[in-house]
Amino acid sequence: MGSDNLFHKRKARKAAELARGAATRAQSPRVLIVCEGEKTEPLYLNDLKADLRIRPAAVKIAPHDGSSPDRVVAHGHALYEEDARQGDSFDAVYFVFDRDKHPTYAAALQALNDCKAAGKPFHAVTSIPCFEYWLLLHFGFTDQPFDAAGKKSAADRLIAELRTKPGFKQYGKGQKGIYALLKDKLPTAIQGAALGLKNAAKTGEDNPTTRMHELVAALQALSET
């Protein structure tokens, strides 16, 4: 009799744990972030995720091999479909990539728009010309266009500007600790990014712009701090 009671108590406790897990899942969306870069963006986003104390299972950050935007989109799409086949689709997928000099940038955006039209929760987090514009905005708003000149790409010229800022003289791709270095200036960057998109909508000139603030807002909504 005693062993039967113990068995039923364990069974009831297990059912309660499963119910709590299901409730938590229902209240906590799962997000996938696919990055063009293998180091710079993932390092920044992982530090942001840790600072916001987001549950590890709530956000998956998937670096790619730094190849073209269309391959980044294809990779993220494949991860989304694989997850869906397991019966639990990501609630949102963010694709982080630059325009820079990629010839497949427009095709990648069109592919994402087609997926959204088909009902997939896909979001483009683009930076023009590159992710470093988001970092630069932490030091104040600028809408100075960055174009290629000579042997220097638009991204090269933007990074040269970033290196004039305090703490960034030796900046290089894949540098660690960037988020912590800029954390206190995050509101300035968010405001500047939003203003840049607003101005771009008026003028039709999107160089420079970034949508990183939209991804930051989505992650802040998942914060458990």
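**Exercise 1. Backbone angles in loops**

Arg-53 is found in the loop that runs between α2 (40-51) and β2 (59-63); work out which sign its phi takes, and whether the residue is buried or exposed. The structure to be used here is a predicted model.

*Solution.* The first step is to read the backbone angle: phi of Arg-53 is near 55°, which is a positive value in a residue other than glycine. The second step is to place the residue relative to the solvent, and since exposed stands for a relative accessible area over 50%, Arg-53, at 60%, counts as exposed.

Repeat the analysis for Asp-100, which belongs to the loop between β3 (92-98) and α4 (105-117).

*Solution.* Phi of Asp-100 is near 40°, again a positive value in a residue other than glycine. The relative accessible area of Asp-100 is 28%, and because the range between 20% and 50% is called partly exposed, that is the class to which Asp-100 belongs.

**Exercise 2. Cis peptide bonds**

Which residue is joined to Pro-129 by a cis peptide bond, and in which loop is Pro-129 found? Treat the bond leading into Pro-208 in the same manner.

*Solution.* The partner of Pro-129 is Ile-128, and omega of the cis bond that joins them is about 5°. Pro-129 itself is in the loop between β4 (122-128) and α5 (132-136). For the other bond, the peptide runs from Asn-207 to Pro-208 and is cis, with omega near 5°, while Pro-208 is in the loop between α8 (186-203) and β5 (209-210).

**Exercise 3. Aromatic pairs**

How many aromatic pairs does the structure hold, and what is the geometry of the pair formed by Tyr-44 and Phe-131?

*Solution.* The structure holds seven aromatic pairs. In the pair of Tyr-44 and Phe-131 the centres are 5.8 Å apart and the planes make an angle of 70°, an edge-to-face arrangement. The next step is to locate the two rings: Tyr-44 lies in helix α2 and Phe-131 in the loop between β4 and α5, so the pair ties together parts that are 87 residues apart in sequence. Both Tyr-44 and Phe-131 are buried, and together with Tyr-179 they form one aromatic cluster.

Now classify the pair of Phe-139 and Phe-168, and state which class of accessibility applies to each of them.

*Solution.* The ring centres of Phe-139 and Phe-168 are 5.7 Å apart and their planes stand at 90°, so this pair is edge-to-face. Phe-139 lies in the loop between α5 and α6 (154-162), and Phe-168 in the loop between α6 and α7 (178-182), so the contact ties together parts 29 residues apart in sequence. Phe-139, at 25% relative accessibility, counts as partly exposed, whereas Phe-168 is buried, with a relative accessible area of 0%.

A ring face can also have a charge above it: at what distance from the ring centre of Phe-90 does Arg-30 lie?

*Solution.* Arg-30 lies over the face of Phe-90, 4.3 Å from the ring centre.

**Exercise 4. Where α9 meets α8**

Which residues does His-213 touch, when those up to four places away in sequence are not counted?

*Solution.* His-213 has its place in helix α9 (residues 212-220), and with a relative accessible area of 11% the residue is buried. The residues that His-213 touches are Trp-134, Ile-190, Ala-193, Ala-194 and Leu-197. Turning to Ala-193, which lies in helix α8 and is buried at 2% relative accessible area, the corresponding contacts are Trp-134, Leu-137, Thr-210 and His-213. Ala-193 and Glu-214, 21 residues apart in sequence, have their C-alpha atoms 9.0 Å apart in space.

**Exercise 5. The two sides of α3**

Describe the span of helix α3 (residues 69-85), and determine which of its residues are buried and against which elements they pack.

*Solution.* Helix α3 has 17 residues and reaches 24 Å from its first C-alpha to its last, which is close to the 24 Å expected at 1.5 Å a residue. Its buried residues are Pro-69, Val-72, Val-73, Gly-76, Leu-79, Tyr-80 and Asp-83. They cover an arc of only 125° around the axis, which puts them on the same side of α3. A general point helps in reading this spacing: an α-helix has 3.6 residues a turn, so residues three or four places apart point the same way. The buried residues of α3 pack against β1 (31-35), β2, β3, α4 and β4, whereas Arg-71 and Arg-85, on the other side of the helix, are exposed. Just after α3, Gly-87 takes a positive phi of about 90°.

Terms used. Residues numbered from 1 in each chain as written. Predicted model: local features only at pLDDT ≥ 70, side-chain atom pairs only at ≥ 80, totals over all residues. Heavy atoms only, no water. Helix = DSSP H or I, 4+ residues; strand = E, 2+ residues; numbered from the N terminus. Buried < 20%, exposed > 50% of the residue type's maximum accessible area, 1.4 Å probe, protein only. Phe/Tyr/Trp six-rings, centres within 6.5 Å; stacked < 30°, edge-to-face > 60°. Lys NZ or Arg CZ within 6 Å of the ring centre and 35° of its normal. Contact = heavy atoms within 4.5 Å. Expected span 1.5 Å × (residues − 1). Arc of directions from axis to C-beta.
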